[in-house]
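Colleague: I am new to this structure, and I would like to go through it with you step by step. Could we put it on the screen before we begin?

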Amino acid sequence: TDNYLDPGTMNRDGSSWTKDPGDTDFHLTDALTDYAVDFINEKAGVQPFFLYLSHPAPHFSGEGLIGQARPDDYQPFSDTYTVGYDTIRQARFERLKQKGIVPTDMALPDYSDSGAPPWDSLDSSKKTHTAEEMANHAGLVAGVDRSVQRVLETLQSNGIEDTTMVMFLSDNGASGEENLDALHPGWANTCCCPFRYYKTYLHEGGISTPLLVQWPAVIGPGAVSDRVGHVMDITATCIDVAGVEYPSPYNGDAMPPLQGVSLYPSLKAEPDPGHAVLCWEFHGKKAVRSGKWKIVQAAGSNTWHLYDIENDRGETADLSSAHLQRTQEMSELYDCWLNNDHDTGPCSGLVGTVPRRARPATSKGAGLVFPVNGNRFTIPYRLRGRLEAVELFDADGACVTTIDMYRKNDRSVFIPGHLAGNTIRFARCIVR
């Protein structure tokens with residue numbers, strides 16, 4: 001939206017809608033919450049329901065951040081950020097360590113290459129302006145907090161709090177696109193502490209956000225999971241929880257393959273291997289996550305950087321030169337994913353999709369990659385060329401072994417013997 005106080009023409013129940021010109025107390029966050037509360041009250045006790053409440057706040061607006069938060073939400077933060085983003089960021093980092101959320105030996109990533117100069121180098125007017133922007137950003141977040149409270153209280157008043165699954169997350173890190181009336185990059189880095197960078201980057205600060213889930217009938221208080229998920233897992237989770245099948249076709253129309261892997265096992269504290277591999281691309285930036293390993297490439301660069309995310313979540317130590325083969329193998333996974341339209345072809349299994357049509361493997365040397373369950377798996381595509389060998393990878397993305405294969409009608413592969421101590425997560429077929 002361009003303006004939280006007057007968003008212009010919107011859509012409500014299929015019809016155009018605008019705010020009452022005489023409503024001087026209007027705020028979009030509260031208006032969306034009013035509608036959500038009315039919806040819950042209407043459906044509760046009558047039929048199961050699905051509510052998707054997507055707040056634009058605290059996303060930047062075309063009018064700038066200043067003045068977009070309600071005065072009562074902004075006021076508590078009016079002086080909070082005048083000390084500067086360097087001081088606030090360090091204090092947040094220390095608090096995260098004290099609470100045990102991050103390891104005590106974790107290093108805070110440097111932000112000097114993210115477009116943010118040190119706070120002390122800014123002139124006084126710039127400091128005042130950016131601190132006020134950050135205070136309004138915080139005020140917008142306070143408005144969302146109040147919205148969530150109202151939704152939870154509505155579930156409670158209708159007696160359905162325990163049996164309703166509520167999921168809350170942000171779609172990415174904080175916006176640091178200052179030229180688009182977003183936060184100053186220094187404050188965006190602070191919002192994404194303890195990670196590196198912010199929105200539009202594929203480092204952890206841009207793509208990693210916590211998922212909060214409330215479901216008292218299933219999830220105990222204080223439960224924490226380190227399962228790596230993706231927003232595309234939300235649909236798969238809702239379908240799994242509801243106990244229904246993904247429609248194909250739907251109302252006579254063909255449906256795209258279901259993306260994502262259900263989070264339901266993790267919510268029930270059951271074993272949940274999650275994704276074998278996840279791949280990203282955004283405005284020329286690239287990334288791959290496999291087990292504890294992650295590779296990242298900047299836009300316009302041909303160089304991959306490798307990080308051990310399990311031990312270096314801040315992505316401060318590039319290990320690519322020490323693990324050349326691992327970096328190469330993961331970059332090949334990215335090429336496989338990218339060259340097969342993301343939702344079909346060799347890498348579709350990596351993101352939980354089911355292939356809708358056979359698609360040949362690419363040219364000589366290509367890797368056909370798919371998950372492995374137990375000691376038997378099936379090649380989901382007819383290959384172009386001769387299948388020479390199969391590489392097996394463990395949960396950390398490391399190649400365990402390379403084996404010759406036994407084929408049955410070019411489709412079934414049986415792994416001989418037992419690989420003691422190894423959990424095979426995915427396989428790659430080598431085509432010659």
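**The sheet and its surroundings**

Modeller: Let us start with one pair of strands: β7 and β8 run antiparallel and are joined by four bridges. Please keep in mind throughout that this is a predicted model.

Colleague: Which residue of β8 is the bridge partner of I295?

Modeller: I295 belongs to β7, where it shares one side of the strand with W293 and Q297. Looking from β7 towards β8, with which it runs antiparallel, the bridge partner of I295 is L306.

Colleague: And which residue of β7 stands opposite V288?

Modeller: The strand β6, residues 285–290, is joined to β7 by five bridges, and the two run antiparallel. They form a hairpin with two residues between the strands, where G291 takes a positive phi near 60°. Across this pairing, the residue of β7 that stands opposite V288 is I295.

Colleague: In what order do the strands of this open sheet follow one another?

Modeller: We have seen β7 paired with β8 and β6 paired with β7. On the other side of β6 comes β5, joined to β6 by five bridges and running antiparallel to it, with L278 opposite R289. Put together, the four strands form an open sheet with antiparallel pairing, in the order β5-β6-β7-β8.

Colleague: Which strands stand at the edges, and why is one side of each left without a neighbour in the sheet?

Modeller: The order of the open sheet is β5-β6-β7-β8. A strand at the edge has a single partner strand, so one side of it is left without a neighbour in the sheet, and the strands in that position are β5 (278–282) and β8.

Colleague: By what angle are neighbouring strands of this sheet turned against each other on average?

Modeller: The pairing in the sheet is antiparallel, but the angle between neighbouring strands is taken here with direction ignored. On that basis, the average turn of neighbouring strands against each other is 15°.

Colleague: Is β7 largely enclosed or exposed, and how many of its residues are buried?

Modeller: Both faces of the strand are covered, since W293, I295 and Q297 on one side and K294 and V296 on the other are all buried. β7 is therefore largely enclosed by the rest of the structure, and the number of buried residues is five of five.

Colleague: Which helix lies across β5, β6, β7 and β8, and at what angle does it run to β5?

Modeller: The helix is α9, whose 15 residues reach 21 Å from the first C-alpha to the last, close to the 21 Å expected at 1.5 Å a residue. Its buried residues include M330, L333, Y334 and W337. α9 lies across the four strands, and its angle to β5 is about 70°.

**Elsewhere in the chain**

Colleague: How are the axes of α1 and α4 placed, roughly parallel or antiparallel?

Modeller: The axes of α1 and α4 (residues 124–157) come within 10 Å and cross at roughly 10°. Because angles under 35 degrees count in this way, α1 and α4 are roughly parallel.

Colleague: Which residues of α1 meet α4?

Modeller: On the α4 side, the contact includes G143, V144, R150 and L155. By class, the contact of the two helices has five nonpolar, six polar and four charged residues. The residues of α1 that take part are T29, D30, T33, D34, V37, I40 and N41.

Colleague: What is the relative accessibility of E315, and is E315 buried or exposed?

Modeller: E315 is found in the loop between β8 (305–308) and α9 (324–338). Although it is not a glycine, E315 has a positive phi of about 55°, and most residues other than glycine have a negative phi. With a relative accessibility of 1%, E315 counts as buried.

Colleague: Which residue is joined to S248 by a cis peptide bond?

Modeller: Most peptide bonds are trans, whereas the bond in question is cis, with omega about -5°. The partner lies in the loop between α7 (233–242) and α8 (264–267). The residue joined to S248 is P249.

Colleague: Which residues does F77 touch, leaving out those up to four places away in sequence?

Modeller: F77 is placed in the loop between α2 and α3 (85–98), and at 25% relative accessibility it counts as partly exposed. The C-alpha atoms of F77 and H137 are 9.4 Å apart, although 60 residues separate the two in sequence. The residues that F77 touches are A135, A138, G139 and A142.

Technical notes
Residues are numbered from 1 along each chain as its sequence is written. This is a predicted model: local features need pLDDT of at least 70, side-chain atom pairs count only at pLDDT 80 or more; totals for chains, interfaces and linings use all residues. Side-chain values use heavy atoms; hydrogens and water are left out. Buried means under 20% relative accessible area, exposed over 50%, partly exposed in between (1.4 Å probe, protein chains only). Axes are lines fitted to C-alpha atoms, for helices over the stretch in contact, and angles run from 0 to 180 degrees between N-to-C directions. Angles under 35 degrees count as roughly parallel, over 145 as roughly antiparallel, 65 to 115 as roughly perpendicular and the rest as oblique. Contact means heavy atoms within 4.5 Å. Ala, Val, Leu, Ile, Met, Phe, Trp, Tyr, Cys and Pro count as nonpolar, Asp, Glu, Lys and Arg as charged, and the others, Gly among them, as polar. The expected span of a helix is 1.5 Å times one less than its number of residues. Two strands pair if DSSP finds at least two bridges between them.
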